[in-house]
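Student: I have a new structure open and I'd like to learn how to read it. Can we go through it feature by feature?

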Number of protein chains: 2
Amino acid sequence: MGEFELIDELFAPLATHPGALGLTDDASVFSIPEGFEAVVTKDVMVEGVHFLEGTDPARVAQKLLRVNLSDLAAMGADPMGYWLGVQLRKAGAREWLSAFVEGLGRDQREFGISLMGGDTVSTPGPIALSLTAMGAVPSGAALRRSGAKVGDKIFVTGTIGDGVLGLRAAKGEMPDLDGADREYLVRRLERPTPRLDLGRALRGLASAAIDISDGLAADAGHVAGASNACLTIDAEAVPLSDAARRMLAKDLTTLEELLSGGDDYELLFTAPAAQAGEVAKLAADVPVTAIGEVTAGEGVQVTRNGAPLSFPSGRAGGGFSHF
Amino acid sequence: MGEFELIDELFAPLATHPGALGLTDDASVFSIPEGFEAVVTKDVMVEGVHFLEGTDPARVAQKLLRVNLSDLAAMGADPMGYWLGVQLRKAGAREWLSAFVEGLGRDQREFGISLMGGDTVSTPGPIALSLTAMGAVPSGAALRRSGAKVGDKIFVTGTIGDGVLGLRAAKGEMPDLDGADREYLVRRLERPTPRLDLGRALRGLASAAIDISDGLAADAGHVAGASNACLTIDAEAVPLSDAARRMLAKDLTTLEELLSGGDDYELLFTAPAAQAGEVAKLAADVPVTAIGEVTAGEGVQVTRNGAPLSFPSGRAGGGFSHF
């Protein structure tokens, strides 16, 4: 099976946007609606680094698409299209790709995004994927990391720490874990929920936003750095899932791990205190929790009952390091 | 050295476009000039597949950027920005990246394009790169593969077949090759010339265009397929470099190899016969040669002295297959 057969059979049905030109040209061609700006992000995933060997290819596809959509959500953008890079071993390539494409198709329908182009190549190494996602945002309305002001409230969506627990569960590190909790945590790891609707709703409301991929503490640190302010977070206020609470109660995890582990793909955002009512209205659709306040200074201060929490890496803002 | 240090020290200086936001946000944000459309392409390169192990990282960077720019040239687009995915082994990552970034910097200045974002991750496998390049073209003016009409003339830029000879030379398969020819051919392989100025000049003039990455015969076949016509090519008219001519004379290559080998990154385009004078004017700046005519039928017919030429793969349009 050649590359062109792969494109025709598997990828072309995903290229629903007219600008993809049916994947038959050297590039995609499209316009951005008047009054809108383009928002583009790119993420890479490698087997054995970002996902475990043997993971269902459909799950890999969903994670890949969702982590990029989460970046678009953090900027307040509407998804439009994506470009895909695939590196596959020759053996079993077709079977792997069929399942992968099935996962992509399911999620791109759910989130309203089209394949626009890409490149599929063979590799002697691990499977690896790259995805470049594009969205659109009204000109000047993109959410940034740099707008947090002293006195603003800090909010997060969903629950924090499920990603790192899901990874440990998937690796088989937690044999005593309840079956339903295991399933919940692994699903949170493999199929995060990009907060696209909330991101859109935060246009003109949030002063800063980021998605939590490196861990709450690290990503709060990125907002602090970009905004030249301190993010002061009350660890007791950080929303945890029931599964995480149960593990905490059994000493199977620590608050430090939950607040510094990555892969949550929730949004952290700040908004003026005067807008707290507007933010509360959004919480009717998506769980949103106030976890602290922007203060003068720099970096991140996480306190529990008034005492500072310290993180394994020695600094709030560690996160996973590749090198 | 963490990912954030890598970004600050090595990548941020390449992010000259304001829309890159200094690589400090979740995504890039930018507008497309009014009256223009965006043109986006993506290519992946894997060590051991697309470039030999031990290739100077600066050369890898230049090739990666140029093959994508060649796609933009084939669409008639002006380069704007690119997003980069890098997979690197931990050992020696910093040194490799420093040289890689140096190559990118040199070429992005030459071609007027800015780094806009990306992702750098570790891998236990071969080095691999992906690049998504964006350009802009006046709305409706993008060159396509599908516009060739019966009676149009077929043209190519530069010389054909140097890419495949360069690959054989780089692999050490041609020990008797003259030193200067070797150097020329390897440079053609490693540092192709994206025909951006010509692509721009072809807006409104060419009826179809493609860049030659899979080999002249294969890429002519793509135009034929998209245009529902036959591309009839006179093999004797196809422009060859002096180095390729010398190898042909010594039976070190065949016309079939030169016309079906990939990696030339020249443009093949068609234009109405009435425009031949306009095309000839362009040839003052870039070598352009007429090599045939669009005829009724389908596929590609390559003839030498009136007799059909057949290709190793059994069909004109083989090209390199990954799977």
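Student: Let's start with Asp119(A): is it buried or exposed?

Tutor: Keep in mind that this is a predicted model. A residue counts as buried under 20% relative accessible area. Asp119(A) has 10%, so it is buried.

Student: Which element holds Asp119(A)?

Tutor: Look at strand β4 of chain A, which runs over residues 114–122.

Student: And what does Asp119(A) touch?

Tutor: Setting aside residues up to four places away in sequence, Asp119(A) touches Glu3(A), Leu84(A), Gly85(A) and Val86(A), and also Lys42(B), Asp43(B) and Val44(B) from the other chain. For a residue far off, try Gln301(A): 182 residues separate it from Asp119(A) in sequence, and the C-alpha atoms are 44 Å apart in space.

Student: Since chain B has come up, how do I read the relation between two copies?

Tutor: In general, two copies of a chain are related by a rotation about an axis and a shift along it. Here a rotation of 180 degrees with a shift of 0.0 Å along the axis puts chain B on chain A, with an RMSD of 0.0 Å. That is the relation of a two-fold axis. As for the surface, the same one serves both copies, and 100% of the contact residues of chain B recur in chain A.

Student: Which residue of chain B comes closest to the rotation axis?

Tutor: That's Gly125(B), whose C-alpha is 2.4 Å from the axis.

Student: Now for one chain as a whole. How many helices and strands does chain A have?

Tutor: There are 10 helices and 12 strands in chain A. Its radius of gyration is 20 Å, close to the 20 Å that the globule rule gives for 323 residues, so chain A is as compact as a globular protein of that length. Along the principal axes, the C-alpha trace of chain A spans about 65 × 55 × 35 Å.

Student: What share of chain A is buried?

Tutor: Buried residues account for 60% of its 323 residues. On the outside, chain A exposes about 11900 Å², and carbon and sulfur atoms supply 49% of that area.

Student: What about charges in chain A?

Tutor: Count 28 positive and 44 negative side chains in chain A; the centres of the two sets lie 3 Å apart.

Student: How do I tell whether contacts link distant parts of the sequence?

Tutor: Take the contacts in chain A between residues at least 6 apart in sequence: 85% of them join residues at least 24 apart. Ala229(A) makes a nice case, as it is 80 residues from Lys149(A) in sequence and 7.1 Å from it in space, C-alpha to C-alpha.

Student: Where is Ala229(A) found?

Tutor: In the loop of chain A between α7 (216–227) and β8 (230–234). With a relative accessible area of 2%, Ala229(A) is buried. Beyond its neighbours within four places in sequence, its contacts include Ala148(A), Val294(A) and Gly299(A).

Student: Can you set two residues of one helix side by side?

Tutor: Try helix α5 of chain A, where Glu190(A) is found and Ala180(A) too. Glu190(A) is buried at 18% relative accessible area, whereas Ala180(A) counts as exposed at 53%. Apart from residues up to four places away in sequence, Glu190(A) touches Thr55(A), Arg59(A) and Lys63(A).

Student: One last feature: how do I read phi?

Tutor: As a rule, most residues other than glycine have a negative phi. Asn305(A) is not a glycine, yet its phi is positive, about 50 degrees. Asn305(A) lies in the loop between β11 (299–304) and β12 (307–308) of chain A and is exposed, at 68% relative accessible area.

Student: What is the phi of Tyr265(B)?

Tutor: Near 55 degrees, again a positive value in a residue other than glycine. Tyr265(B) sits in the loop between α9 (255–260) and β9 (267–271) of chain B. Its relative accessible area is 10%, so Tyr265(B) is buried.

Terms used
Residues are numbered from 1 along each chain as its sequence is written. Chains are lettered from A and ligands numbered from 1 in the order in which they are written. This is a predicted model: local features need pLDDT of at least 70, side-chain atom pairs count only at pLDDT 80 or more; totals for chains, interfaces and linings use all residues. Side-chain values use heavy atoms; hydrogens and water are left out. Copies are superposed by least squares on the C-alpha atoms of residues with pLDDT of at least 70 in both. Contact means heavy atoms within 4.5 Å. Helices (H or I, at least four residues) and strands (E, at least two) are DSSP runs, numbered from the N terminus. The radius of gyration is taken over C-alpha atoms; the globule rule is 2.2 Å times the number of residues to the power 0.38. Buried means under 20% relative accessible area, exposed over 50%, partly exposed in between (1.4 Å probe, protein chains only). Accessible areas come from the Shrake-Rupley method with a 1.4 Å probe; for residues, only the protein chains shown count as cover. Lys and Arg count as positive and Asp and Glu as negative; His and the chain ends are not counted. The place of a charge is taken as NZ of Lys, CZ of Arg, CG of Asp or CD of Glu.
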